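Reader: I am in my first year and would like to take a close look at a single part of this model. Could you choose one and lead me through it slowly, and then step back to what lies around it?

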Amino acid sequence: MFERFSQIRKERHDYARAWKERTGGKVLGYFCTYVPEEILYAADVLPVRILGSHEPQDVTEPHIFGMFCPFCRDCLAQGLKGRFEYLDGLMIAQSCLHIRQAYTSWEKHRPVEFSHYLCMPHKVKSPRARTFLTGELETFKTAVEKWTGIEITDERLHEGIAVMNKSRDLMHRLYDARRSDPPRLTGTEALEVVLANQMADKREHSELLEATLERLPDREVPERASGTRLLMVGSEDDDMAFFEMVERVGGTIVTDDHCTGTRYFWNKVETNGEPLLRAIANRYCDRPPCPTKDWEARDRIEHVLKLGRDWDCKGAIVIQQKFCDPHELDIPATKKALEDAGFPVLILEFDVTVPVGQFQIRVEAFLEMLGADDLF
Amino acid sequence: MSEIPTYPTEPLRCWDKAKELRRRYYERYRDIKDEGGLRWAGGAWSLGAVPAGLGRDVASITSEPYAASIAFNKELSIQCMEAAEKKGFARDLCSYMRTYWGSLILDKYAFGGPFPKPDFIWQDHICCSHAKWYQVVTDIETDIPFFSVDVAAGPAHEINDNKIDYLVGQMLDGIEWLEKITGRTYDDELLIEACKNEFRATSVWAEICSLNKAMPAPLDEKSMFSLYVLGTLEKHAASVADFYEELRDEVKDRVDRGVAAVKHERCRLISDTQPPWGFLKVFRYLEQFGAVSVGSLYTFGLIGLFEIKPDGTWGPRTTPMDAGVDLSSREKVLRAYAEWNLHKPEWQHFYSPHLKSEMMIRMCKEWNVDGVMLHYNRGCEGLTLGIAENRLALIEAGYPVLPFEGNMGDEREFDLAKTMDRMDSFMETLSLKKVASA
């Protein structure tokens, strides 16, 4: 049922090359989920998210100091090794300092025909940010028009928004299917879908997902214990081996607050008669925030707690990309809030590769602790 | 470099005044409540002229230089960091931030007594840690009102009305917020005065740095650390702007008379990022080889504002007053203030390390630099951002580079012996031996 999603994820480069061949269109690699894909779809550009390969590498040391997160170095390694040689464009939306180094080094050492640094505001809770971002989106739109030779009319923008919104609706339906007990799909399967969503043409992905969702209610739940329902919290997390391990030893990941997960697709562009770029700006200011943009008040924690309650989680695994300062700044407050709300927490520090054996022991102990009420 | 020159040296006449200004700043922050005044806390890059409009009895504490002061006190420094770590904060977070939190948690003020709690927080945000720093402060002290201005609106060469509007809009909102939380009526004349002070102070500091192009250099970087810091404390204060003018005149005089910072100057270096504050003797060690660090983008551009002069070289930025900009209203002065700050050299690499490389190479050329020491500073992700790319660019431009790893505020991450060994090797690379009489 999820094989095609898995294939897209595993063969992401072949997929993008075939897409180019088939459509004659341009492919743009992007680094952060604050990138407004609506505008790219409006210009017939395929946006693909740049993620790492989870392999040890030795090519980024001259470019990024080792105190920055392993994820940004893994991403840059993909570029330096030429694995994205088919890219026509490259961009980033301003978020953390770490990942922007992958962009700036890539841009210099593996230049492509179009590159753009979108100055996404940090103070997204200020009404001033919406106006500012609208202006930055106007600049970006003009740059994309110049690059592609396509005028991005309102009609095209409507189409781009519709493509993205439909995909977001479908992803919500998929995640909703994980609310039941047992969930209709595992966390590993959901991860395949949401990662493929960031690599595939959304129109194709939505077709696949619609078909999958139609079949899902009749699906026989995989032969495994329904498992302890878990919430995953943290930065990016596309570590399939970790998800598989957790679900192998008795956990079931039912939802997440990751930028590779819910934060990517959570809210939609609401046009409401507003100028379309303003509506897009509103969407990116209103989305569940990355810690870099969650200030002065802490709104992210409330959102995390709601996820935990709505998906009836029994505990939370908080993952910390090594050296990821924004999340390190949130973790003590997040941990406290989760525990105060009755969600026990396991914190694990991730690197490009994870020590699955050691983590398994810790996850097993955590699951055993969560099950203690049943024992006594 | 075979002949060893000898230059006259003498102490700076205004040295003690700089120390006094710094001491008074921290004492005033502590004691201002006795006079019914207000205290605010924020970063060294906070747009400090804005709260100045609340009255003359307003004192600030800027967090980075405060933490650097603690870093120099090794015993207190480790106590503070351990206090923050006990609360669950990761050891690889900004060492200034951990130190500051620790000082708050332990309720120990580095200048005596308990930590003086601010009435409000007025912060800026360009580094990931800036606003989050004070978000954590409000986790610890939950009743401190907190406002932060997002200044990450893009690099100087892309400034447009949209970017300036963003900063100005936030500052206007901030002024309303300040009035609301303090109950005071805001005085635009004080704002205008403070902005003018800041334009003056930061331009004159750039002028002082430009005077260091002279050979021999009238200032060495270790001394500059004690001078530039005033601009990180209160760059909007008349006392700082006035002091920098006095210092500028003295440095000019030193240049005219050929007075050197280092007696046997025969090799000129620049450094990068904050130094390991507990180990400034590294800079003194260099003097034994006749090497002087004439500055860094950090000491120059953290507060200094530069521009390209008609001859193509870097010099002090023309102030809005000298440029005839109308500064007569709140909105007008804030526009000038936003535009001025968006040109800050040390804000540019947040968008691209290549912009910083260009500035560093410019410094190497114009300040006649022979080599560069790059502090790969584990304590500051903001200023260490892109440093590896800077290294590559400097090497490509033909400048020898010494990278050394450390931490500005966490001595547990600085290996003095290893660093000294690397310094020796670097000096050898530059064909320098110790000067017998140094």
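Author: Let us begin with strand β3 of chain A, residues 89–93, in what is a predicted model. Five of the five residues of this strand are buried, so β3(A) is largely enclosed by the rest of the structure; buried here means that a residue has under 20% relative accessible area. If you follow the side chains along the strand, you will find that A:Gly89, A:Met91 and A:Ala93 point one way, while A:Leu90 and A:Ile92 point the other way, and that the residues of both groups are buried.

Now turn to the strands that pair with β3(A). One of them is strand β1 of chain A, residues 26–30, which pairs with β3(A) in the parallel sense over three bridges; here A:Leu28 is the residue that stands opposite A:Gly89. Another is strand β4 of chain A, residues 114–118, and this pairing with β3(A) is again parallel, over five bridges. A:Gly89 takes part here too, with A:Phe114 as its bridge partner in β4(A). To pass from β3(A) to β4(A), the chain crosses through helix α5 of chain A, residues 97–109, and the β-α-β crossover made in this way is right-handed.

Helix α5 also leads us from the strand to a space inside the model, since both α5 and α14 (325–340) of chain A supply at least two residues each to the lining of the largest cavity. The count comes to 11 cavities of 30 Å³ or more, and the largest has a volume of about 270 Å³. Its lining is made up of 22 residues, and those that lie nearest the centre of the cavity are A:Cys96, A:Ser235, A:Glu236, A:Cys259 and A:Cys290. Sorted by kind, the lining residues of this largest cavity divide into 11 nonpolar, seven polar and four charged.

Finally, to step back from the strand, consider chain B as a whole, where there are 17 helices and 10 strands. The radius of gyration of chain B is 21 Å, close to the 22 Å that the globule rule gives for 438 residues, so chain B is as compact as a globular protein of that length. Along its principal axes, the C-alpha trace of chain B spans about 65 × 55 × 40 Å, and 64% of the 438 residues of this chain count as buried.

Methods. Residues numbered from 1 in each chain as written. Chains lettered and ligands numbered in written order. Predicted model: local features only at pLDDT ≥ 70, side-chain atom pairs only at ≥ 80, totals over all residues. Heavy atoms only, no water. Buried < 20%, exposed > 50% of the residue type's maximum accessible area, 1.4 Å probe, protein only. Helix = DSSP H or I, 4+ residues; strand = E, 2+ residues; numbered from the N terminus. Pairing = 2+ DSSP bridges. Right-handed = clockwise from strand over helix to strand, strands pointing away. 1 Å grid on protein atoms, 1.4 Å probe; cavity = no way out; pocket = protein on both sides within 12 Å on 5 of 7 lines; lining within 4 Å. Points joined across faces, edges and corners; volume = space filled by probe spheres on them. Nonpolar A, V, L, I, M, F, W, Y, C, P; charged D, E, K, R; others polar. Rg over C-alpha atoms; globule rule 2.2 N^0.38 Å.
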